[in-house]
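Got the viewer open? Here is a short tour, stop by stop, with something to select each time.

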Amino acid sequence: MKTQVDSTTSDGKRGGSVLRELEISKSTAANTEAGLAERAQSWKSVSRRSFLGKSLAVGAGAMSAGLLASTLMAKEGKGKSFGHLGKGDAAILRFLAAAEIIEADLWQQYNELAGIQDTEVPGGTGNPAYTEAVKVLDEDMDQYIHDNTDDEFSHFKFINAFLVSKGADPVNLDQFRTLPSSQATGAQQIGRLTNLMQLTVDTSWWTRYRSDNANPDLGDTFPQAVPGLSSGQFPAIPRNDGDLAPSDHLQAIANTAGFHFCFIEQGGTSLYPALAQRVTDVEVLRVLLSIGPTEAMHFQTWHDKAGNAPPLTDPTNGLVFPDLNSPPFGGEEFQTNLIMPEPTVFLNRTFPVVSIIRPTETNGAAMAAVNSLVADGLFIGQPPEFFALLSQLAQEADAAKQHGG
Ligand SMILES: [Fe+2]
Ligand SMILES: [Fe+2]
């Protein structure tokens with residue numbers, strides 16, 4: 001199975017495409033990769049400041065830009081901002097902290113509207129109609145959304161606290177919490193990091209985990225389970241109460257969420273093992289090996305539920321959710337209850353097939369994750385500084401080398 005799919009799929013891509021996707025998401029046709037690279041470079045000092053700890057950033061406010069830059073350069077040049085961590089390990093943890101902050105932001109939006117709002121995951125008051133539509137996929141969806149959200153908050157808080165405990169700087173993306181909230185009943189009206197209302201969801205993970213003869217790490221690509229979702233832009237949460245009807249429109253939004261949950265969590269499932277290969281310190285490795293599999297547990301749950309999304313056509317925009325158990329779908333590549341990872345080729349096609357997470361290529365893994373999230377439309381509306389910061393965090397993580405990084 002090596003069907004060519006939409007060019008926005010993240011499978012098998014490594015580096016480079018984030019800037020192209022950035023252009024798409026920002027709708028600035030005049031931008032070129034080189035131009036964006038330059039812009040990213042020009043924002044380097046801003047980015048540098050952005051992911052340093054809040055106290056330093058606040059304290060730095062009174063400093064001249066030149067002094068700030070030289071102070072930070074001196075600090076990083078001596079490796080002091082990495083505390084007792086190697087530069088590479090600190091960079092990997094910082095990137096993961098940023099990724100977890102982003103995850104927490106999007107999951108919180110889902111929880112406010114379709115989850116359980118309580119002291120563990122506060123915020124929002126729930127949207128009964130959307131909650132019911134999501135529950136068509138499983139009666140316990142509200143609990144699962146709540147728990148996934150709770151987990152993501154715990155992930156970024158732990159990683160940041162771990163960084164601080166080692167004398168390293170934590171990550172803070174608060175200055176970019178500027179995107180609008182859903183106007184639908186139930187959502188808090190606060191600034192967001194992520195946009196769940198214009199998503200282009202890559203659903204090729206569905207067939208990737210069902211294939212027994214292809215692997216993105218070997219350059220293979222995979223067909224989409226929901227081709228319509230992988231092109232165009234669709235809301236995964238109601239944008240306002242006008243999205244609560246007609247019923248097939250609301251169900252399409254809920255179905256989109258169901259597939260988006262999987263997209264997000266399979267990404268985390270790959271990211272941790274990919275980056276763990278370049279961690280130096282055994283305790284940092286333990287952190288990655290202990291958090292990473294929880295992403296897989298999330299993915300497995302969502303994978304099972306996505307198969308329950310009812311086939312339908314959204315009457316407002318024509319988005320089709322096909323019957324994955326019937327022709328032209330169905331069979332080993334699409335059948336909805338085949339949710340365990342099918343053994344497939346790994347490392348070398350001459351080896352016996354093996355049941356594995358895929359991809360796990362370590363080179364360029366952080367940038368590949370950023371590319372994937374950008375292509376998802378998750379950051380539509382964010383300024384260039386945000387993309388520059390994410391790119392920089394990813395590049396620093398990808399620069400980490402094993403043994404002495
Ligand atoms: Fe996470
Ligand atoms: Fe996650």
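## Start with confidence

Colour the chain by pLDDT before anything else. This is a predicted model, with a mean pLDDT of 85 over the chain, and 79% of the residues reach 70 or more. Now select residues 1–80: pLDDT stays under 50 there, although the model has 130 contacts beyond four places in sequence for this stretch. Where pLDDT is low, the predicted coordinates should not be read in detail. Hide that part if you like and move on.

## The iron site

Select the iron ion (ligand 2). Which residues coordinate the iron ion (ligand 2)? You should find OE atoms of Glu103, Glu152, Glu265 and Glu295, with Glu265 listed twice, at 2.0 to 2.6 Å. Along the sequence, the donor residues follow the spacing E-x48-E-x112-E-x29-E. Two of them link distant parts of the chain: Glu152 sits in helix H8 (residues 141–165) and Glu295 in helix H11 (residues 282–306), 143 residues apart.

Next, show the iron ion (ligand 1) as well. Glu103 bridges the two iron ions, ligand 2 and ligand 1, which are 3.3 Å apart.

Turn on a surface and check two of the donors. Are they buried or exposed? Glu152 counts as buried because its relative accessibility is 0%. Glu295 is buried too, its relative accessible area being 0%.

## The nonpolar core

Now pick out Phe95, Tyr110, Tyr130, Phe259 and Leu288. These are the residues with the most contacts inside the largest nonpolar core, which has 95 residues. Elements giving two or more residues to this core include helix H6 (87–114), helix H7 (128–135), helix H12 (365–375) and helix H13 (384–399). Which element gives the largest share of this core? That is H6, with 16 residues.

Stay on Tyr110 and show what surrounds it. Leaving aside residues up to four places away in sequence, Tyr110 touches ten you can click through: Gly115, Tyr130, Ile145, Leu196, Leu199, Ala236, Ile237, Ala257, His260 and Phe261.

## Last stop: Asn255

Select Asn255, in helix H10 (residues 247–276). Asn255 has 0% relative accessibility, so this polar side chain counts as buried. What lies 3.0 Å from a polar atom of the Asn255 side chain? Look for the backbone oxygen of Pro310. Beyond four places in sequence, Asn255 touches Pro310 along with Leu137, Ala309, Leu312 and Phe321.

Key
Residues are numbered from 1 along each chain as its sequence is written. Chains are lettered from A and ligands numbered from 1 in the order in which they are written. This is a predicted model: local features need pLDDT of at least 70, side-chain atom pairs count only at pLDDT 80 or more; totals for chains, interfaces and linings use all residues. Side-chain values use heavy atoms; hydrogens and water are left out. Helices (H or I, at least four residues) and strands (E, at least two) are DSSP runs, numbered from the N terminus. Buried means under 20% relative accessible area, exposed over 50%, partly exposed in between (1.4 Å probe, protein chains only). A polar contact is a pair of N or O atoms within 3.5 Å; within protein, one must be able to donate a hydrogen and the other to accept it, and residues adjacent in sequence count only if both atoms are side-chain atoms. Contact means heavy atoms within 4.5 Å. Donors are N, O and S atoms within 2.8 Å of the metal (3.2 Å for Na, K and Ca); water is not among the atoms, so sites may look incomplete. A nonpolar core is a set of buried Ala, Val, Leu, Ile, Met, Phe, Trp, Tyr and Cys residues joined through side-chain atoms within 4.5 Å. pLDDT is the predictor's confidence in each residue, from 0 to 100.
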